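New to this one? Take a look at the sequence and the fold first, and then we'll walk through the main features together.

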Amino acid sequence: MLPIVVIGAGPAGLLAAGRAAECGAAVRLLEKNHQPGRKLLITGSGRCNITSAVDRDTFIGQFFGQGRFLYPALQTMYREELLDLLAKSGVRCQVDHQCKYFPTTNQAGDVLAALLRYGQKQGMHLVTDSAVLSIEKKPDYFEIMTSQGTILAAAVILTTGGMTYPVTGSTGDGYRLAAHLGHAIIPPRPALAPLIIEQPYIRELAGLSLPDVEVRLVQPGQKTVTRRGDLLLTHKGVSGPVILRLSRELRGSASLHINLQPSMTRPELASAILEQFEHGGRQHIKNCLDGFLPHRLVIPLLAAAGVEADRMASQAGRRCAEQIALAISDWTLTVTGTQGIHIAMVTAGGIALREINPSTLESRLVPGLYFAGEILDLDGDTGGFNLQAACSTGYLAGQSAAAALLGNPGNQR
Ligand SMILES: Cc1cc2nc3c(=O)[nH]c(=O)nc-3n(C[C@H](O)[C@H](O)[C@H](O)COP(=O)(O)OP(=O)(O)OC[C@H]3O[C@@H](n4cnc5c(N)ncnc54)[C@H](O)[C@@H]3O)c2cc1C
C-alpha cells in the first residue's frame, strides 16, 4: 500500500506523521531542511511555550474570530493529551503565572526531541533535505515531485507552516502547492509583529517598557481597534504583547493612540496632575509627573502637549494640567508598517477554511489531501495558542488520513 506523505516537519507535521503511524499507516515525513523543527527551536525565546492553561472556550477566543474551526481538533487532542504525549516521550512541562506551559528544562530542543521520539516509536519515516516542489492528483494516488525525486502517496498532509521567519524553512511553499490543487488562499500577512514608528525621537526611548496601557489603532477606511496590555519601545518603534496582538489588523499606514493611564478618565487625570502641581511648589513641571508616566517620556510628552517643561509647577494652572492629561491619555504616534514578515511570529491568512472539513481536516475539493498547522487561515495570540493549534490539527489530520485509508477510525493510543 502507498504511504501517507506528510510535508513539513514542524510541530504540525511531526504530530500528523506520528499519529498516522500510530494508527497503523505507513508514513513518510518530508522536510526540506537538513533538520526538522527549526522554528520550534526558537519558540518562546528558546524555551517553547507549548500550550496554555486556559479552558477550551477561552482558547478558541484567542484566534481572532476564526477559532471555532478548531473545536473538533481540540476535542481530539487538547492540553492534557498533548502534555501526556510529551510526558510519555520523556518531557514534563510546568505552567507559569501567565497560564503558559513550558518544558521544565526550559529547552525547546527537548520538546522537539520528544515529538521526534513519539513519531519514530510509531515507525514514521523522516526524510530530510527533501523539498517538495509540486503535487499532482491522479485518480487513485498523489504524485509528489521532490528535490530527491518522485514519490507516490495514498494521501497527503500539508504542514508546511506559514511564511514568517522564512530562515526556518517556512517560506510559504504550501500556499503554492495547495493553490495548484485548486485551493483558495487568503492573502498571507504578518501577525504578531512589532510596528515601525515614524517619529525619530522614539529611538531614544528604546528599551522602555510601559505596563498595562490602552492602545487604539486608527486607520483610514477601517474599524478602530483597541487593545490593552504591556508595550515595549524598540529601536524602530513599538512591540510587546499589546502591539503584537494589534499588528494583524494593520493594513497600511495608521496612527497609534496610547493611553498611559487607562484606569482614569481624562478629567480625573487632569485633577490629579493639578493637585501634584499645587504640592510641587518650587519644582519644575518636568519634575512633578513621575507618578503619571516614566521619567524618560516626560520631555517628549510635554513637547507634544506644547507645555514648557521648565515652567514652575506653582504657576501652572488647570488648563496646563488638562493639556498634559490629554498628552498622557492620547499619546499619538504614526505607524508606517510592521517590521515585516521575516520577523513576525505568525502568518495571518492561508488556506481558506471553508474548503476544509474541520472534523477531519480533509480538503473538500481534493479527497485524500489534508491540512494542519499554520498553513491554515488561522492565527492565534501569544501564549502557547499557535503551537497547541499546530499539534492538535496535526494529530487530527494524521488520525483522519489513517482512518480513511485503513478504515479504522476508532484506533486510539
Ligand atoms: C520567534 C518565534 C517564536 C514563537 N514562539 C511561540 C511560542 O512560544 N508558542 C507558540 O504557541 N507559538 C510560537 N510561535 C509560533 C509557532 O512557532 C508556529 O505557529 C508553529 O511553529 C507552526 O507550526 P507548523 O508545524 O504549522 O509550521 P512550521 O513550524 O513553520 O513548520 C513547517 C515546516 O515545513 C517545512 N517546509 C516548508 N516548505 C516545505 C517544502 N516545500 N518541502 C518540505 N518541507 C517544507 C519547513 O522547513 C518547516 O520545517 C513562534 C514563532 C516564532 C517565529
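Leaving aside its neighbours within four places in sequence, which residues is Val156 in contact with? The list runs to Val5, Ile7, Ile135, Phe142, Ile144, Gly368 and Leu369. Bear in mind that this is a predicted model.

Val156 also shows up in the bigger picture of the interior. The largest nonpolar core has 74 residues, and Val156 is among those with the most contacts inside it, along with Ile4, Ala20, Val111, Ile157 and Phe371. Helix α12 gives this core its largest share, eleven residues. Apart from that core there's another one, made of 50 residues, including Leu256, Leu260, Leu269 and Ile285.

Now step back to the whole protein. There are 413 residues, and 47% of them count as buried. The secondary structure comes to twelve helices and 19 strands. Along its principal axes, the C-alpha trace spans about 85 × 40 × 35 Å. If you take the contacts between residues at least 6 apart in sequence, 73% of them join residues at least 24 apart.

Next up is the ligand. Around it sit 38 residues, and the ones that come nearest are Gly8, Gly10, Gly161, Gly169 and Gly373. Sorted by class, this shell has 16 nonpolar, 16 polar and six charged residues. Helix α12, which we met in the core, turns up here too: α12 supplies at least two residues of the shell, and so does each of α1 and α2. Here is where those three helices lie along the chain:

| Helix | Residues | Supplied to the ligand shell |
|---|---|---|
| α1 | 11–22 | at least two residues |
| α2 | 38–42 | at least two residues |
| α12 | 385–406 | at least two residues |

On to the strands. β8 (residues 142–146) and β9 (residues 149–153) pair in the antiparallel sense over five bridges. They form a hairpin, with two residues between them. One of the pairings links Glu143 with its bridge partner Leu152 in β9. Two residues on the contact list of Val156, Phe142 and Ile144, fall in the stretch covered by β8.

There's also an open sheet of three strands, in the order β3-β5-β4, with antiparallel pairing. Its edge strands are β3 (51–52) and β4 (93–95), and each of these pairs on one side only. Between β3 and β5 (residues 100–103), which run antiparallel, there are two bridges. In that pairing, Thr51 stands opposite Tyr101 in β5.

Conventions:
Residues are numbered from 1 along each chain as its sequence is written. This is a predicted model: local features need pLDDT of at least 70, side-chain atom pairs count only at pLDDT 80 or more; totals for chains, interfaces and linings use all residues. A residue is near a molecule or strand if its C-beta atom, placed from the backbone, lies within 6 Å of it. Helices (H or I, at least four residues) and strands (E, at least two) are DSSP runs, numbered from the N terminus. Ala, Val, Leu, Ile, Met, Phe, Trp, Tyr, Cys and Pro count as nonpolar, Asp, Glu, Lys and Arg as charged, and the others, Gly among them, as polar. A residue is buried if 20 or more other C-beta atoms lie within 10 Å of its own, exposed if 12 or fewer, and partly exposed in between; C-beta atoms are placed from the backbone. Two residues are in contact if their C-beta atoms, placed from the backbone, lie within 7 Å. Two strands pair if DSSP finds at least two bridges between them. A nonpolar core is a set of buried Ala, Val, Leu, Ile, Met, Phe, Trp, Tyr and Cys residues joined through C-beta atoms within 7 Å.
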